[in-house]
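Dear colleague,

I am handing over the structure we spoke about, and I would be glad if you looked through it before reading my notes underneath.

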Amino acid sequence: MPHSQTSAPRGRVRLARGASPWLLPTVATAAIGLARARRSKRAAVLAVPATALAAGMLWFFRDPEREITQGRVISPADGVVQSIMPWKDGRTRVAIFMSPLNVHVNRAPLAGTVTSVEHIPGGFVPAFNKESENNERVVWHFETELGDIEMVQIAGAVARRIVPYLPQGTKVEQGERIGLIRFGSRVDIYLPEGVDVAVEVGQTTTAGVTRIDRD
């Protein structure tokens, strides 16, 4: 399946789908504060933090276009590789920690079909904590040329909402946007038995760009 073609020029940044509930009230508050600042010094003082917060929200919910890398499995998330663990069933789990400074739009690691999207309620401990295994999460399964691929979006201490973009049965291209996690969080991908890992713990990854597996 061919890679997704971006409709916007390379380097252009848009805002992530699912950002509106957080972004619109913040930007509206900043706009009102700036409008009132012309008539009141007190309003001008209050407008400064509101404007700074709105700017921070715009930065957090950025969704840049990417030129998708060639490769069997690519990173679904921007972040840092937190752990690489062999699983009992022969798969290897690669956990990627996403800080609040990262882009939080996740992308399909392979081309294929979404066979399931399951929301599992849970806690909200920091995503880098071992106990985050029991956090709120969304479990994805993709039917791909490598067989079933599992990917898990895990909420963090601040991230209280995971926004899947695609329903079960959707055919996806490699690198296509599939969902958003608000604020600091984690994404796990399980590589099938026999697929070697190309990244290392501590390595920085870029969604749609960093290759996860090795030939």
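Below are my notes on the aromatic pairs and on the nonpolar core.

Please keep in mind that this is a predicted model. A search of the whole structure turns up two aromatic pairs. One of them joins Trp87 and Tyr190 in an edge-to-face arrangement, with 5.4 Å from centre to centre and 80° between the planes. Because Trp87 sits in the loop between strand S3 (79-86) and strand S4 (92-98), while Tyr190 belongs to strand S12 (residues 185-191), this pair ties together parts that are 103 residues apart in sequence. As for their surroundings, Trp87 is partly exposed, with a relative accessible area of 32%, whereas Tyr190 is buried, at 7%.

The other pair, formed by Trp140 and Phe142, is stacked, with 5.8 Å centre to centre and 5° between the planes, and both of these residues are buried.

Trp140 and Phe142 appear again in the largest nonpolar core, which has 34 residues, and where they, together with Val94, Ile178 and Leu191, touch the most other members. Two or more residues of this core come from each of S4, strand S7 (137-144), strand S8 (147-155), strand S9 (162-164), strand S11 (177-181) and S12. In soluble globular proteins, nonpolar side chains tend to be buried together.

Leu191 may be a good place to begin looking: leaving aside residues up to four places away in sequence, Leu191 touches Val73, Arg91, Thr92, Val94, Asp196, Val197 and Ile212.

With best regards

Technical notes
Residues are numbered from 1 along each chain as its sequence is written. This is a predicted model: local features need pLDDT of at least 70, side-chain atom pairs count only at pLDDT 80 or more; totals for chains, interfaces and linings use all residues. Side-chain values use heavy atoms; hydrogens and water are left out. Rings of Phe, Tyr and Trp (its six-membered ring) pair if their centres lie within 6.5 Å; planes under 30 degrees apart count as stacked, over 60 as edge-to-face and the rest as tilted. Helices (H or I, at least four residues) and strands (E, at least two) are DSSP runs, numbered from the N terminus. Buried means under 20% relative accessible area, exposed over 50%, partly exposed in between (1.4 Å probe, protein chains only). A nonpolar core is a set of buried Ala, Val, Leu, Ile, Met, Phe, Trp, Tyr and Cys residues joined through side-chain atoms within 4.5 Å. Contact means heavy atoms within 4.5 Å.
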